[in-house]
Amino acid sequence: MVRINFYTLKMVKEDSVLYEVPVIQSPAEVYQAAKQLLALHEKPQEHFCILCLNTKNKIVGVHTISIGSLNTSIVHPREVFKAALLNNANGIICLHNHPSGDPEPSQEDIKITRRLVEAGEILGIKVLDHVIIGEQGYVSMRERCLM
């Protein structure tokens with residue numbers, strides 16, 4: 001005989017906030033959401049987060065996936081898409097900050113973004129953009145054709 005465990009996976013709402021932008025339509029709106037909802041421009045370490053969106057690009061969930069060091073964070077597709085699946089997301093927007101203030105994407109940023117796009121295609125969850133937040137602005141990897 002072997003004992004088999006049964007599990008139920010449930011989401012627990014940790015917090016909620018009123019947010020005025022009902023639909024995400026541009027990287028500028030993602031940048032505003034990153035500042036208002038997550039204060040990413042103020043964080044002293046790298047934070048990798050996702051916005052989970054429904055089929056109408058409304059935000060249905062906000063998740064901090066990883067908190068790293070001054071210039072790096074560990075991001076694994078499994079953790080990114082676990083959050084997206086739990087929110088029943090149609091698509092996600094990845095975002096992270098660069099504490100240095102310079103939002104230019106690194107080669108590692110480009111590599112992980114492409115890996116997430118591939119994983120999302122397999123799961124049927126679109127990676128719509130990856131926005132990097134700096135001190136005074138942002139870079140959209142979609143606008144730069146890096147994904």
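What covers the buried residues of α1? The structure is a predicted model, in which local features need pLDDT of at least 70 and side-chain atom pairs count only at pLDDT 80 or more, while totals for chains, interfaces and linings use all residues. Residues are numbered from 1 along each chain as its sequence is written, and side-chain values use heavy atoms, with hydrogens and water left out.

Helices (DSSP runs of H or I, at least four residues) and strands (runs of E, at least two) are numbered from the N terminus. The cover of the buried residues of α1, judged by contact (heavy atoms within 4.5 Å), includes β1 (47-53), β2 (59-67), β3 (91-97), β4 (126-133) and β5 (138-140). Those buried residues (under 20% relative accessible area, with exposed meaning over 50% and partly exposed in between; 1.4 Å probe, protein chains only) are Pro27, Val30, Tyr31, Ala33, Ala34 and Leu38. They cover an arc of only 160 degrees around the axis, taken from the directions from the helix axis to the C-beta atoms, which puts them on the same side of α1. Just after α1, Ala39 takes a positive phi of about 50 degrees.

In helix α2 (residues 77-86), the buried residues are Pro77, Val80, Phe81, Ala83 and Ala84. Seen down the axis of α2, these residues fall within an arc of 150 degrees, so they line one face of the helix. Their cover includes β1, β2, β3, α3 (107-123) and β4, whereas the face of α2 turned away from the buried side carries the exposed residues Arg78 and Leu85. Just after α2, Asn88 takes a positive phi of about 55 degrees.
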